[in-house]
Amino acid sequence: MAVGKGKREMAVLKWIDQHFEEAILAILLVIMSLLTGAQVFMRYVLNNSLTWSEELNRFCYIWSGFISVGYCIRKRIEIRIDMIVNALPHTLHEIVDIFATVITIILLALFLKGGCAILNEVLVSGQTSSSLNLPMKYVYAAPVVGFGIGILRSLQHIFLIFVESANCRQKEV
C-alpha cells in the first residue's frame, strides 16, 4: 500500500515539475480571456461597462509575465545566442551552459532582491488598488515569485547537466 502511495506522490511531483508554470499560465490566460469577453459584451451589448475588469486583467497579465520567467527557463526558450556554443565540443558546451546559467541566477537574484525591497515598501504602506480595493502586495509579489521560480529552474538546469554528464560517463565505461 505504501509503495503505491509513494508512486502516486512521485507522479504528482513529476507533473508539478513538468507543468506547474504551464498550468498557472493557462489559468491566467483563461481568466484574462473571459474578463475581456465579458467586458466587451457588457460595454457594447448592454452599454454598461465593468469598472473592475481592466484592473484584474492587468494584474493577471503582470502575474503571467513573471511566471513565464520560470517557464521559459524550464523549457530552455529564453533569449540566448547559441550558434557558437552549439558548435563547441560537448564538454565545453556544458561548461559554457553552466557558466551562462550561473550568470542568469546572479541576475535573477539581483532582480529578486529588488522585488523584495519594493514588496516590503508596499507591505508597509498598505496600498490598495483603485477599482478592486485589493491589497497591492498581491500584485507586487509577482516578481518575487517569478524570479524565485526562475532561480529554482536555473538550479534545476545545472543539476540536470551534471546528471546527464554522469550518465554519459557511465555509458562510456
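S53 is buried, with a relative accessible area of just 3%. This serine belongs to helix α2, which covers residues 53–75, and it is a handy place to start a tour of this predicted model. From there we can look at the salt bridges, of which the structure holds six, then at a nonpolar surface patch and the cysteines, which form zero disulfides.

**Around S53**

- The side chain of S53 makes a polar contact with the side chain of Q39, at 3.4 Å.
- Leaving aside residues up to four places away in sequence, S53 touches L35 and Q39.

**Salt bridges of R153**

- R153 pairs with D17 in a salt bridge whose closest N and O atoms are 2.7 Å apart.
- R153 sits in helix α5 (residues 137–172) and D17 in helix α1 (residues 2–44), so this pair ties together parts that are 136 residues apart in sequence.
- The two partners differ in exposure: R153 is buried at 8% relative accessible area, while D17 is partly exposed at 25%.
- R153 also forms a salt bridge with E21, and here the closest N and O atoms are 2.8 Å apart.
- Because E21 lies in helix α1 and R153 in helix α5, this second pair ties together parts 132 residues apart in sequence.
- E21 counts as buried, with 2% relative accessibility.

**A link between helices α1 and α2**

- E22 forms a salt bridge with K75, with the closest N and O atoms 3.2 Å apart.
- E22 is in helix α1 and K75 in helix α2, so the pair ties together parts that are 53 residues apart in sequence.
- Both residues are partly exposed: E22 has 25% relative accessibility, and K75 has a relative accessible area of 36%.
- Salt bridges with shared partners also join D17, E21, R74 and R153 into one network.

**Nonpolar surface patch**

- F99, V102, I103, I106, L107, L110 and F111 form a nonpolar patch on the surface, and together they have about 650 Å² of accessible area.
- F99 is found in helix α4, which runs over residues 90–125.
- At 57% relative accessibility, F99 counts as exposed.

**Cysteines**

- Why does C60 not form a disulfide? Its sulfur is 18 Å from the closest cysteine sulfur, in C72, which is too far for a bond; the cut-off is 2.5 Å.
- C60 is buried, with 6% relative accessible area, whereas C116 is partly exposed at 37%.

Notes
Residues are numbered from 1 along each chain as its sequence is written. This is a predicted model: local features need pLDDT of at least 70, side-chain atom pairs count only at pLDDT 80 or more; totals for chains, interfaces and linings use all residues. Side-chain values use heavy atoms; hydrogens and water are left out. Buried means under 20% relative accessible area, exposed over 50%, partly exposed in between (1.4 Å probe, protein chains only). Patches are made of residues with over 30% relative accessible area and no salt bridge: like charges are joined within 9 Å, nonpolar side chains (Val, Leu, Ile, Met, Phe, Trp, Tyr) within 5 Å. Accessible areas come from the Shrake-Rupley method with a 1.4 Å probe; for residues, only the protein chains shown count as cover. A salt bridge is a side-chain nitrogen of Lys or Arg within 4 Å of a carboxyl oxygen of Asp or Glu. Helices (H or I, at least four residues) and strands (E, at least two) are DSSP runs, numbered from the N terminus. A polar contact is a pair of N or O atoms within 3.5 Å; within protein, one must be able to donate a hydrogen and the other to accept it, and residues adjacent in sequence count only if both atoms are side-chain atoms. Contact means heavy atoms within 4.5 Å.
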